[in-house]
Amino acid sequence: MISTRRIAAAFALAAGATALAAPSASAAPISPTGLVDSIAMSGIPAEQQEELPTVTSQLNGLNELYQLNELHQLTDLAAPVTGLLGA
């Protein structure tokens with residue numbers, strides 16, 4: 001049989017988890033990439049952190065490559081029309 005203490009502990013745990021999950025009115029929004037950056041840099045000495053790219057900068061670089069690929073696809077479509085490529 002489940003004891004009253006265990007039931008009370010389960011309710012307390014659930015209430016605590018709910019309180020932690022509920023955003024407060026004064027809480028600043030959390031940046032997922034900023035959080036990942038801080039975790040990734042946590043084990044690296046401070047003097048070496050500036051030498052390494054952050055996760056955010058690497059993701060931005062991937063986004064730029066994706067945009068460059070989209071531009072390449074557009075130029076490939078326009079090249080035969082503009083006569084830039086031989087037939």
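Contact here means heavy atoms within 4.5 Å. The model is predicted.

**Exercise 1. Chain layout**

Task: State how many helices and strands the chain has, and give their order.

Solution:
- Count the elements: the chain holds 4 helices and 0 strands.
- Read along the sequence: the pattern is α-α-α-α.

**Exercise 2. Surface and burial**

Task: Find what share of the residues is buried and how much area the chain exposes.

Solution:
- The chain has 87 residues, and 3% of them count as buried.
- The exposed area is about 7700 Å².
- Carbon and sulfur atoms supply 66% of that area.

**Exercise 3. Asp37**

Task: Place Asp37 in its helix, decide whether Asp37 is buried or exposed, and list what Asp37 touches beyond four places in sequence.

Solution:
- Asp37 sits in helix α2, residues 32-41.
- Its relative accessibility is 14%. Buried means under 20%, so Asp37 counts as buried.
- Leaving out residues up to four places away in sequence, Asp37 touches Thr54, Val55 and Thr56.
- With Thr56 there is also a polar contact: the side chains of Asp37 and Thr56 are joined at 2.5 Å.

**Exercise 4. Leu65 and its patch**

Task: Locate Leu65, classify Leu65 as buried or exposed, and name the residues of the nonpolar surface patch.

Solution:
- Leu65 belongs to helix α4, which spans residues 55-82.
- Relative accessibility is 53% for Leu65. The cut-off for exposed is over 50%, so Leu65 counts as exposed.
- Leu59, Leu62, Leu65, Leu68 and Leu71 make the nonpolar patch.
- The patch covers about 510 Å².

How values were computed
Residues are numbered from 1 along each chain as its sequence is written. This is a predicted model: local features need pLDDT of at least 70, side-chain atom pairs count only at pLDDT 80 or more; totals for chains, interfaces and linings use all residues. Side-chain values use heavy atoms; hydrogens and water are left out. Patches are made of residues with over 30% relative accessible area and no salt bridge: like charges are joined within 9 Å, nonpolar side chains (Val, Leu, Ile, Met, Phe, Trp, Tyr) within 5 Å. Accessible areas come from the Shrake-Rupley method with a 1.4 Å probe; for residues, only the protein chains shown count as cover. A salt bridge is a side-chain nitrogen of Lys or Arg within 4 Å of a carboxyl oxygen of Asp or Glu. Helices (H or I, at least four residues) and strands (E, at least two) are DSSP runs, numbered from the N terminus. Buried means under 20% relative accessible area, exposed over 50%, partly exposed in between (1.4 Å probe, protein chains only). A polar contact is a pair of N or O atoms within 3.5 Å; within protein, one must be able to donate a hydrogen and the other to accept it, and residues adjacent in sequence count only if both atoms are side-chain atoms.
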